[in-house]
Amino acid sequence: MGHSTIVEEKFVFTQAAKTKIFWLLGAGVLMFVAGLLLAQQGGHDNHAEGHGHVATEQLVASADAVAASDGHDDGEHHGSAYWVKRLYTTLWMNNIYFVGLGIIGLFFVAIQYAAQAGWSSGIKRIPLAMGNWILVAFGITVVLWFVTNHDIFHWTHSSLYGEYVDEAKTQPNPGYDAIIDGKAPYFFWPGTSGGFPIFFIARMIIFFGMWYWFFTLIRKNMLAEDLDADTKYWFKNRSISAWFLVFFAVSSSVAAWDWVMSIDTHWFSTMFGWYVFASWWVTALAMITLIVVFLKDAGYLKVVNANHLHDLGKFVFAFSIFWTYIWFGQFLLIYYANIPEETVYFIERMSTSPYSWVFYTNLILNFVLPFLLLMTRDAKRHLSMLKVVCPIVIVGHWFDFYNMVTPGVMQHNGGLGLLEIGTGLIFMAAFLWITLSSLSKMPLFGKNHPLLEESLHHHI
Amino acid sequence: MDADKHFVVGVFNDEDVLLDGIRKVRSGGVKIQEVYSPFPVHGIDDALGYKKSRLPIAAFLFGMTGTGLALLMQFWMLGYDWPMIIGGKNFASLPPFIPVTFELTVLLAALGMVGTFLIVSDMKPYKWPRQFDIRSTQDMHVMAIDLAANAGKSKEELKRLLNESGAVEVNEKSFE
């Protein structure tokens, strides 16, 4: 195939596709409303079930005078109603899951530039379009954090900090938590412990801001290249990508600690940053592959053939195994060391419903099935098998995030039903809308990409 | 004429010419014994019409053997033959066995694949490979055509076909 045969393609976001997304949204909203009503009626009274809170609350009750001095926080310590907590949990969990799809879109593009990869030059616009979600996720995350903070993030309660409630250090603080107090600077620096978490919020804004800034730079160069056949855009993007990857290496880990691990405030795992990244990464790879597969099915992407699908399939296959490796690494270290403050994390997830079946389903959907189904060469090269495995991985990692977030907030009262699934569908519809509509606003691949010719001859 | 003894050898100096040459020679109804290249040529197995390798199947079976043996060994050793308390865990517990199981799976799959490959390719000790043209280890691609396997064609016909297919040199080679 020579250069002359390349025909520029443009994705048309058809009414039929929009209708399908509206159906998805409609189903999501219906399930969401039904689930919310059910949760409201079947609410558990769970205020005494918080880990270690029983003792705290008894103390608070017996020492009314002390509690009064810290009065405003007392009510919040009991937490909101069951259905509100459940709603907040699923909103936060779905948001974090989809943050990953957005940011990994950019990460994928950056990796391709930094590695000077040729094979992917025909498909890079798909992850680029997914990157548009970063801005949406920025808004949702910040707003949602300020709405949900006391219900989801235990460390936001000011009564946990300060060993004494008075200057003379005679009145001990009944709500004092030495472990969380030790972690206070990580959230509150340079402010006072228990106040406004300046450091935490600054990180959130800087991460999203920088990610979006890098995204706009890379997108600008990619689109400028369409109008002006010059390799300088590729070289510029290669440098920007390298800088982004350095920033992302740190920020993705810290984001995982901040937004997911800090929910289980007492607990920590040194592998957690990797764990969240691995989950985000393989989910987004499956999403990229699935969108490529559907575009192929609709007659788009003439520049993509079985060899490119094979590479995408290998990505999903390999990083499913990578995720399992990280999952097992984290599990085995904690299992072997057998330190109570670490094992509690897994005990909670392995012996409580519905977390326990999610825990094992997780391993089947994210390891056993992708591993066996994508093992052969043919499976990775054919649309039909990718259409089966990619949704499995996408759903599987949704369960993975469910189990990362929910037990820490809901303890024994976690729910997994219409509310959770409906929220997931609403997010999915919004994500697909943003991705496909931004995909329709640019050429489907860069016809002036310096490595496009290499991609056409890609053969494995 | 004895099989695997007398050959016509075409020498090519460009891999694109070689790939076209292979297709031309094969479409002329000629069976190619083997092509030797100093570096991997993409698409050469398709051009030569090679069947898909079954090496991955062998690898899977060897790997499964490794998994089975590793689990059997550990459960037998630590669960039955010489139980030991390690970290207060059960004698026979799966999680700590996984790393060893993984390693043995990989080891047996890798060694099994290498062994299978050597046997299938007939590369055994003290077997000296035949050189159709020493330049196939330097800068030339060398195509060997067995005269016995193409009994329907004369030597001259084969030579002409090779010349027409872009060979820069056509030689004869016989082995004892």
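## Report on a predicted two-chain model

A:Gln116 lies in the loop of chain A that connects α5 (82–114) with α6 (125–130). Helices (H or I, at least four residues) and strands (E, at least two) are DSSP runs, numbered from the N terminus. The model is predicted, and local features need pLDDT of at least 70, side-chain atom pairs count only at pLDDT 80 or more, while totals for chains, interfaces and linings use all residues. Residues are numbered from 1 along each chain as its sequence is written, and chains are lettered from A and ligands numbered from 1 in the order in which they are written.

### Unusual backbone angles

Most residues other than glycine have a negative phi, and most peptide bonds are trans. A:Gln116 has a positive phi near 55 degrees, although the residue is not glycine. With 12 C-beta neighbours inside 10 Å, A:Gln116 counts as exposed. In this report a residue is buried if 20 or more other C-beta atoms lie within 10 Å of its own, exposed if 12 or fewer, and partly exposed in between; C-beta atoms are placed from the backbone.

Chain B holds a further case: the phi of B:Asp122 is positive, near 60 degrees, in a residue other than glycine. B:Asp122 is found in the loop between α4 and β3 (141–146) of chain B. B:Asp122 counts as exposed because 8 C-beta neighbours lie inside 10 Å.

Chain A also contains cis peptide bonds. One joins A:Trp189 and A:Pro190, with omega at about 0 degrees, and A:Pro190 belongs to the loop between α9 (184–188) and α10 (198–227) of chain A. Another joins A:Ser353 and A:Pro354, again with omega at about 0 degrees; A:Pro354 sits in the loop between α14 (340–351) and α15 (355–373) of chain A.

### Chain A as a whole

Chain A has 19 helices and zero strands. Its C-alpha trace spans about 85 × 45 × 40 Å along the principal axes. For 460 residues, a compact globule would have a radius of gyration near 23 Å, and the 24 Å of chain A agrees with this. The radius of gyration is taken over C-alpha atoms, and the globule rule is 2.2 Å times the number of residues to the power 0.38.

Of the 460 residues in chain A, 43% are buried. Two residues are in contact if their C-beta atoms, placed from the backbone, lie within 7 Å. Among contacts in chain A between residues at least 6 apart in sequence, 80% join residues at least 24 apart.

### Three helices

The table sets out the lengths of three helices. The expected span of a helix is 1.5 Å times one less than its number of residues.

| Helix | Residues | Expected span | Distance between end C-alpha atoms |
|---|---|---|---|
| α15(A) | 19 residues | 27 Å | 26 Å |
| α18(A) (418–439) | 22 residues | 32 Å | 31 Å |
| α4(B) (94–120) | 27 residues | 39 Å | 37 Å |

The bend at a residue is the angle between axes fitted to the seven residues ending there and the seven starting there. α15(A) bends by about 30 degrees at A:Ile364. Its buried residues are A:Tyr355, A:Val358, A:Asn362, A:Leu365, A:Asn366 and A:Pro370, and they pack against α13 (306–337), α14 and α17 (383–410) of chain A. In α18(A), 16 of the 22 residues are buried, so this helix is largely enclosed by the rest of the structure.

In chain B, α4(B) has a kink of about 25 degrees centred on B:Val100. The buried residues of α4(B) include B:Leu104, B:Thr105, B:Leu108 and B:Ala109. An α-helix has 3.6 residues a turn, so residues three or four places apart point the same way. The cover over the buried residues of α4(B) includes α3 (55–81) of chain B.

### A residue of helix α1 in chain B

B:Arg26 belongs to helix α1 (residues 15–27) of chain B. With 15 other C-beta atoms within 10 Å, B:Arg26 is partly exposed. Leaving aside neighbours within four places in sequence, B:Arg26 is in contact with B:Ile32 and B:Gly49. B:Arg26 and B:Leu48 are 22 residues apart in sequence, yet 7.9 Å apart in space, C-alpha to C-alpha.

### Chain contacts and confidence

Seven residues of chain A are in contact with eight residues of chain B. The side of chain A that touches chain B has four nonpolar, three polar and no charged residues. Ala, Val, Leu, Ile, Met, Phe, Trp, Tyr, Cys and Pro count as nonpolar, Asp, Glu, Lys and Arg as charged, and the others, Gly among them, as polar.

The predictor gives the complex an ipTM of 0.83 and a pTM of 0.89. Chain B has an average pLDDT of 92, and 99% of the residues score at least 70; pLDDT is the predictor's confidence in each residue, from 0 to 100.
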